[in-house]
Structure formats: structure tokens, C-alpha cells
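User: I would like a close look at one part of this protein, the packing of its helices. Please define the terms as you go.

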Amino acid sequence: MVEWLQKLLGKKPVQYDETAYWLQYQQAGARPVPLNTPLEAVDFVVFDTETTGFDKNKDRVVSIGAVRVQGGQVLVQQSFECLIRQQVEQGNKSAEIHGLLPSEIRQGIEEEEALAHFLRFIGNAVLVAHHIGFDIGMIKQMLKRQNLPEKLHNQLLDTGRLALRLEHPFRTPQPYKQTDYSLDSLGKRYHLPLEDRHTASGDAFATAVLLLKLLAVARKKEVKTLGDLLQEL
């Protein structure tokens, strides 16, 4: 009966590819990090994407960089980086930002392979990025192109928003400019390593260092658990 109605109405049920990496990721998502976890015990994965532009519907991810943060340390030995093969339109100027030439991008791995590696790396960790909405949006488009649900189950943390909330609590509003919370501006205030700026791995590492410095500020404000931290947002 359901199939007959669908045929009559011209609607087809959405079917998702149950690939091994997606099933593994779903299983990890069934075990989110408990909100009462002390900050020093939280598994954070800080990541960044480099793209062909800023249009989530049209542009593509050409590079992903990620690094794990645990116990007050950036675990450089637990890092992830990949170059993704994409077709770059003639005249695209994104290389002026991230430095990746079309000839280099064509030598990357396939998008599905990159996505599989990334999902296996992040598992159920708390995902962290600077202005995370854009990066998550680009990852969701990668999921969509692989006929997978456009949803990441991980808890999310935006270092830009966290810095703003820590420096300008709701109770004591002060004037500020959005540009004060760019990675470059925060890099100057918090003395971050910005030598590899606008590379996925370089920005991920700088954001990871920023996260540690913001967590130190948060602890002074009696933020002790993951739940306390997320509540700040």
C-alpha cells in the first residue's frame, strides 16, 4: 500500500547508503560525551576546511586538517590532514588564500574517501572550529553528495563565540567589533602560532592552541565540565 501511494503521488522514499564508515560513525554517535565530563577529560577534535569559495551550495572542500586536544595538550601525533580531488573552475581565486593550485588539488584523494577518514577520526569527539557554522555546512554538503544524512551527531564548539562570551559576559555587555573575533585578531591577543595561516592543518593547530587558552580562562570563571562550557555559549 505504501509503495502504491508513493508511486501514485510521485514521491520516492529517501534511501541512504549504509556504508561501513557511516555505520561506524552512527555507532560512535550513540555514545556522546557526557555533560558532566571534566574539561581535562573531554576528547576535543579541532578542525578546519579550506574550500574553493564561500558558497556552501556551489563550492567544494579541497583540504581538511584536524588535531586532537585532550588533558590540556594539543596531541600533534594524533592529527589528520587530507587533500581532496575536486574540479576547480577556471578563474577561481581561492588559491590566493589557501595556496593550493588546481594541479595540486587534482592529485588529492576522492571526496568519499576523505569523508570516511574524517568521520573515523572524529568519532564521538566534541568538534571545535573557528566560526564552525561554515565548516560544518561544507561537511554536510559532502555528506549530501554521498547520499548520506546531512547531520553530524557531535557536540559543537565555536572558539570565536566562546572567546566573545568569555570576554563579554551577558551580564556586562561592552561594545565590540566582529573583526575583534577573527582568528587573526584573537591570534594577536592570545599569542597564537599563525605561521601556516590559511592552510587547513595550520589553522586547526592555531585554533587548538586558542582552545587551550580559552579553557584556561573558562576555568577561572568556575567552568569545570563540558556542560558548563557549552552553557557559556
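Analyst: What follows starts with the whole protein and then goes through the helix pairs and some single residues.

This is a predicted model, in which local features need pLDDT of at least 70, side-chain atom pairs count only at pLDDT 80 or more, and totals for chains, interfaces and linings use all residues. Residues are numbered from 1 along each chain as its sequence is written, and side-chain values use heavy atoms, with hydrogens and water left out.

The protein has 10 helices and five strands. Helices here are DSSP runs of H or I with at least four residues, strands are runs of E with at least two, and both are numbered from the N terminus. Of the 233 residues, 45% count as buried. Buried means under 20% relative accessible area, exposed means over 50%, and partly exposed lies in between, with a 1.4 Å probe and protein chains only. Among contacts between residues at least 6 apart in sequence, 69% join residues at least 24 apart; a contact means heavy atoms within 4.5 Å.

Two packed helices are described by the angle between their axes and the distance between the axes. The axes are lines fitted to C-alpha atoms, for helices over the stretch in contact, and the angles run from 0 to 180 degrees between N-to-C directions.

Take helix 8 (residues 183-190) and helix 9 (residues 200-220). These two helices pack at an angle of about 50°, with their axes 11 Å apart. Helix 8 is therefore oblique to helix 9. In this naming, angles under 35 degrees are roughly parallel, over 145 roughly antiparallel, 65 to 115 roughly perpendicular, and the rest oblique. The crossing of helix 8 and helix 9 is left-handed, a word used if the near helix is turned anticlockwise from the far one by less than a right angle, while clockwise is right-handed. Helix 8 contributes L183, L186 and Y190 to the contact, and helix 9 contributes D203, T207, L210, K213 and L214. By class, the contact of helix 8 with helix 9 has five nonpolar, one polar and two charged residues. Ala, Val, Leu, Ile, Met, Phe, Trp, Tyr, Cys and Pro count as nonpolar, Asp, Glu, Lys and Arg as charged, and the others, Gly among them, as polar.

The loop between helix 8 and helix 9 holds L194. L194 is partly exposed, at a relative accessible area of 24%. Not counting residues up to four places away in sequence, L194 touches L183, D184, G187 and A206. From L194 to D184 there are 10 residues in sequence and 7.8 Å in space, C-alpha to C-alpha.

Helix 7 (residues 159-167) has helix 8 and helix 9 among its packing partners. Seven of its nine residues are buried, so helix 7 is largely enclosed by the rest of the structure. Those buried residues of helix 7 are T159, G160, L162, A163, L164, R165 and L166. They pack against strand 4 (126-129), strand 5, helix 8, helix 9 and helix 10.

A second group is built around helix 5 (residues 111-122). Its axis and that of helix 2 (residues 20-29) come within 9 Å and cross at roughly 25°. Helix 2 and helix 5 are therefore roughly parallel to each other, and their crossing is left-handed. Y21, W22, Q24 and Y25 of helix 2 make the contact with E112, L115, A116, L119, R120 and I122 of helix 5. The residues of this contact divide into seven nonpolar, one polar and two charged.

Helix 5 also packs with helix 6, where the axes come within 10 Å and cross at roughly 120°. That makes helix 5 oblique to helix 6, and this crossing is left-handed. Here E111, L115, F118 and L119 in helix 5 meet I139, M142, L143 and R145 in helix 6. The contact of helix 5 with helix 6 divides into six nonpolar, no polar and two charged residues.

Two loop residues complete the account. N147, in the loop between helix 6 (132-145) and strand 5 (156-158), has a positive phi of about 60° although it is not a glycine. N147 is partly exposed, with a relative accessible area of 33%. E222 lies in the loop between helix 9 and helix 10 (226-231), and its phi is near 65°, a positive value in a residue other than glycine. E222 is exposed, with a relative accessible area of 52%.
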